Amino acid sequence: MRLLLIAPPGAGKGTQAKAVSAHYGIDTISTGELLRREVAAGTRLGLSVREYLDRGDLVPDPLMRDLVTAAVQEADRRGGFLLDGYPRTLAQAEEGRRWAREQAMPVDAAIYLEVSPPELLRRLLGRSGAEGRSDDREATIRHRLEVFETTTRPLLDLYRELGILLTVDGEQSVEAVTADILAGLSSGS
Ligand code: AMP
């Protein structure tokens, strides 16, 4: 099983990623977590991406490529993956498709968690400070939401055209969202 999870900040991406991966026995690859780990460890990559994370900007595509490729290859050998937070730009999506074709690793579905902007803002401001993230100040939160709208949202059209988009109402309970994702995946809709 190879899955992509696309959702704005605050939509419950991390929680759903874990639940769905556990169900299929596949790895969750969270690019945000991988990047935060690099920053915490003070690696060369961590030092170059730190300011992007702090500002709520996307890390440049070339810096993402190697990080994601290595993690995906390893997870795929173990039976599949759920990519949480990648791709986030059309360039990443195109590159990912090219790469998947070369490696004969077709993606089964792109899951979109739909949550209205006012609800996202409410959730993000509510948890602000609780997770110790450097990007959860109000101005940065608003910026991350804008980045999703302008840069990531266009990916939904691409996956819809490819016939692999699964849209799920992300404003339900955590359990109901997981159930809808699993039902959608098993029916292939
Ligand atoms: P997340 O934990 O998914 O909200 O990601 C946190 C931050 O990591 C984002 O605001 C970006 O700065 C960076 N990031 C995560 N995934 C990507 C990606 N696919 N492309 C560029 N930057 C990313």
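How many nonpolar, polar and charged residues does the lining of the largest pocket have? In this predicted model, the lining has 13 nonpolar, eleven polar and twelve charged residues.

The largest pocket holds about 690 Å³ of space. Its lining is made up of 36 residues. Closest to the centre of this pocket are K13, R36, R88, R133 and R144. Several helices take part in the lining. At least two residues each come from α1 (13-24), α2 (31-41), α3 (44-55) and α7 (138-152). Among these, α2 gives the most, with five residues.

The second largest pocket was treated in the same manner. About 460 Å³ of space lies within it. Its lining counts 24 residues. G96, R97, A100, M105 and V107 lie nearest the centre of the second largest pocket. Two helices and a strand each supply at least two lining residues: α4 (61-77), α5 (90-102) and β3 (81-84). The largest share comes from α5, which supplies eight residues. By class, this lining has 17 nonpolar, three polar and four charged residues.

Individual residues were examined next. S30 lies in strand β2, which covers residues 27-30. Is S30 buried or exposed? S30 has a relative accessible area of 10%. Buried means under 20%, so S30 counts as buried. The side chain of S30 also has a polar neighbour in the backbone. One of its polar atoms lies 3.0 Å from the backbone nitrogen of E33.

V59 sits in a loop, between α3 and α4. Its relative accessible area is 6%. This value is under 20%, so V59 is buried too. Along the chain, V59 and A70 are eleven residues apart. In space, the C-alpha atoms of V59 and A70 are separated by 17 Å.

Aromatic rings were considered last. A pair of aromatic rings is described by the distance of the centres and the angle of the planes. How many aromatic pairs does the model contain? The count comes to zero. The ring of Y52 does have a charged partner, however. The charged end of R55 sits over this ring, 5.2 Å from the centre of the ring.

Key: Residues numbered from 1 in each chain as written. Predicted model: local features only at pLDDT ≥ 70, side-chain atom pairs only at ≥ 80, totals over all residues. Heavy atoms only, no water. Phe/Tyr/Trp six-rings, centres within 6.5 Å; stacked < 30°, edge-to-face > 60°. Lys NZ or Arg CZ within 6 Å of the ring centre and 35° of its normal. Helix = DSSP H or I, 4+ residues; strand = E, 2+ residues; numbered from the N terminus. Buried < 20%, exposed > 50% of the residue type's maximum accessible area, 1.4 Å probe, protein only. Polar contact = N/O pair within 3.5 Å; in protein donor to acceptor, adjacent residues only side chain to side chain. 1 Å grid on protein atoms, 1.4 Å probe; cavity = no way out; pocket = protein on both sides within 12 Å on 5 of 7 lines; lining within 4 Å. Points joined across faces, edges and corners; volume = space filled by probe spheres on them. Nonpolar A, V, L, I, M, F, W, Y, C, P; charged D, E, K, R; others polar.
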